[in-house]
Amino acid sequence: MPVFLKTVLLLSVSNVFMTFAWYAHLRNLNDKPWYIAAFLSWGIALLEYMFQVPANRIGYTAMSLAQLKILQEVISLSVFLPFAIFYMHQPIKLDFLWAGLCLVGAVYFMFRTV
């Protein structure tokens, strides 16, 4: 499997865990003390690191640090959008499109060959 594809797949799984660690407690644990949410989120974040660290190590063999960061941000927003709409029941906003277009520009500048 190509390095880029491995990196994208691992970062995607990583971002699913991290999105739930950061935001799911707002829906599921809103009636619990914050420290319970923090400890549960920390446990989920540990799973996130089990995918994120290998993804970055693999990706760094073929991409620069800046490319890895932009790739992670694009994946993060790609994971966040369906999470926000389907899991958190947030309305779709045109701002999601504009943010996505800004990221397309960032990807272009990070991955272009000069």
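Helices whose N-to-C directions differ by an angle over 145 degrees count as roughly antiparallel. In the predicted model described here, this criterion applies to the packing of helix α1 against helix α2. The two helices pack at an angle of about 165°, and their axes lie 8 Å apart. Because the angle is over 145 degrees, α1 and α2 are classed as roughly antiparallel to each other. The crossing in which α1 passes α2 is left-handed. The residues of this contact comprise 16 nonpolar, 7 polar and 2 charged.

Helix α1, which spans residues 3–28, also packs against helix α3, which spans residues 65–87. For this pair the angle is about 45°, with the axes 8 Å apart. An angle of about 45° is neither under 35 degrees nor within 65 to 115 degrees nor over 145 degrees, and such angles count as oblique; α1 and α3 are therefore oblique to each other. Here α1 passes α3 in a right-handed crossing. The contact of α1 with α3 is made up of 14 nonpolar residues, 7 polar residues and 1 charged residue.

Within helix α2, which covers residues 34–59, lies the residue W42. The relative accessibility of W42 is 61%, and W42 is therefore counted as exposed, since the cut-off for that class is over 50%. W42 was also compared in position with M18. Along the sequence, W42 and M18 are separated by 24 residues, while their C-alpha atoms are 9.5 Å apart in space.

Terms used: Residues are numbered from 1 along each chain as its sequence is written. This is a predicted model: local features need pLDDT of at least 70, side-chain atom pairs count only at pLDDT 80 or more; totals for chains, interfaces and linings use all residues. Side-chain values use heavy atoms; hydrogens and water are left out. Axes are lines fitted to C-alpha atoms, for helices over the stretch in contact, and angles run from 0 to 180 degrees between N-to-C directions. Helices (H or I, at least four residues) and strands (E, at least two) are DSSP runs, numbered from the N terminus. A crossing is left-handed if the near helix is turned anticlockwise from the far one by less than a right angle, and right-handed if clockwise. Ala, Val, Leu, Ile, Met, Phe, Trp, Tyr, Cys and Pro count as nonpolar, Asp, Glu, Lys and Arg as charged, and the others, Gly among them, as polar. Buried means under 20% relative accessible area, exposed over 50%, partly exposed in between (1.4 Å probe, protein chains only).
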